[in-house]
Amino acid sequence: MEFRYLGNSGLKVSEITYGNWLTHGSQIENDTATACVRAALDAGISSFDTADVYANTMAEQVLGNALKGERRQSLEIFTKVFGPTGPKGHNDVGLSRKHILKSIDGSLTRLQTDYVDLYQAHRYDVETPLEETMQAFADVVRQGKALYIGVSEWNAEQLRAGHKLATDLNIQLISNQPQYSMLWRVIESEVVPAAEELGVSQIVWSPVAQGVLTGKYLPGQALLEGSRATDAKGGANMIQRWMSTEVLTAVQKLRPIADDLGLTMAQLALAWVLANKNVASAIMGASRPEQVADNVKAAGVQLDSEVLTQIDAAVRDLAEFDPRKTVSPEQREA
């Protein structure tokens with residue numbers, strides 16, 4: 001495993017972060033989820049990402065149980081706040097002071113830890129003054145419940161405003177967690193330049209485009225039973241944008257590139273996002289332990305300019321680049 005600094009800080013994270021969004025507490029049994037976490041640890045992964053809203057708090061609980069007994073100083077645990085939890089009352093969502101201070105305590109209890117290394121604003125909250133949100137995050141840090149602050153899916157303007165307030169409050173906002181893959185490149189023109197200017201890293205989610213970039217979905221063929229494309233709990237909706245014959249045909253052009261490098265297509269997709277120097281880590285999920293052992297081999301892989309050009313030739317014309325696609329809800333869910 002290779003490690004990178006997270007933003008302009010002294011904190012190092014593993015190039016591959018293990019994430020438990022659609023799997024833990026919903027798609028797979030807890031014993032299998034625990035086995036995946038153990039496989040991640042065995043592979044040298046030290047960074048683990050979750051959120052209170054995943055499986056309505058169950059994902060945090062599963063991760064906390066799976067990491068129990070591990071040396072806490074050797075782990076980097078990330079979680080998030082914004083989405084609705086509990087009965088979804090009018091203050092059970094967003095980035096108000098009330099919701100943040102309540103949510104961090106719930107997350108720490110479920111994760112069975114005294115602090116998280118990174119506490120992230122899961123989206124931008126248009127209904128709460130940014131000053132209130134950042135002051136609440138500052139209090140969480142000063143109470144020792146989080147070491148650093150991050151955000152997720154904030155645009156460049158929001159990132160600059162949040163970072164300025166964090167600096168004024170003497171806390172460190174060091175990361176953004178956006179979607180990023182060969183097919184989803186909306187952060188490249190605005191968010192990444194702003195982040196580089198501010199000393200903020202990306203921790204990217206969906207680097208294999210919900211599994212499409214693994215090459216397992218073939219144009220004109222029936223969907224694989226048990227795959228994300230057939231998951232009615234949320235995966236099918238996320239992956240649908242990539243399931244056209246045109247996209248699936250283009251993705252297959254990546255196979256010979258991966259073969260020439262001795263990589264799987266999933267490893268190639270992970271190595272591609274890590275080729276962006278502003279990316280500190282790529283989040284990888286898994287439904288089987290062997291997936292972890294396989295995909296983690298992308299860490300440390302160097303793709304030269306010729307390979308990057310070949311990848312662009314295969315899929316660039318079908319990728320999404322519009323920076324306006326980095327959006328947060330226009331209003332709270334509750």
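Which helix does glutamine 158 lie in? Select glutamine 158 and you land in helix α5, residues 156-168. Helices here are DSSP runs of H or I with at least four residues, strands are E runs of at least two, and both are numbered from the N terminus. This is a predicted model, where local features need pLDDT of at least 70, side-chain atom pairs count only at pLDDT 80 or more, and totals for chains, interfaces and linings use all residues. Residues are numbered from 1 along each chain as its sequence is written, and side-chain values use heavy atoms, with hydrogens and water left out.

Stay on glutamine 158 for a moment. Its relative accessibility is 16%, so it counts as buried (buried is under 20% relative accessible area, exposed is over 50%, partly exposed is in between, with a 1.4 Å probe and protein chains only). Now draw a C-alpha to C-alpha distance to leucine 274: the two are 116 residues apart in sequence and 24 Å apart in space.

Leucine 274 takes you to helix α10, residues 265-274, so colour that whole helix next. It is mostly covered, with 10 of its 10 residues buried. Among them are Met265, Gln267, Trp272 and Leu274 itself.

Next, jump to aspartate 42 in helix α1, which spans residues 30-42. What a contrast to look at: aspartate 42 has a relative accessible area of 70% and is exposed. Add valine 292 to the selection; it sits 250 residues away along the chain, yet the C-alpha atoms are separated by 9.6 Å.

Time for some helix packing. Two packed helices are described by the angle between their axes and the distance between the axes. Show α1 with helix α2 (residues 58-67): their axes come within 9 Å and cross at roughly 55 degrees. The axes are lines fitted to C-alpha atoms, over the stretch in contact for helices, and angles run from 0 to 180 degrees between N-to-C directions. That makes α1 and α2 oblique to each other (under 35 degrees is roughly parallel, over 145 roughly antiparallel, 65 to 115 roughly perpendicular, and the rest oblique). The crossing is right-handed, meaning that the near helix is turned clockwise from the far one by less than a right angle; anticlockwise would be left-handed.

Now swap in α3 (residues 97-111) and α4 (residues 130-142), with axes 9 Å apart and an angle of about 25 degrees. This pair is therefore roughly parallel, and α3 and α4 also make a right-handed crossing.

Back up to the loop between β4 (47-49) and α2, and pick alanine 55. Alanine 55 has a positive phi of about 50 degrees although it is not a glycine. Asparagine 56, also in the loop between β4 and α2, has a positive phi of about 50 degrees too, and is not a glycine either. Alanine 55 is partly exposed at 26% relative accessible area, and asparagine 56 is partly exposed at 38%.

Last stop: leucine 303, in the loop between α11 (289-295) and α12 (305-315). With a relative accessible area of 13%, leucine 303 is buried. Select glutamine 291 as well: it is 12 residues away along the chain, and the C-alpha atoms are separated by 22 Å.
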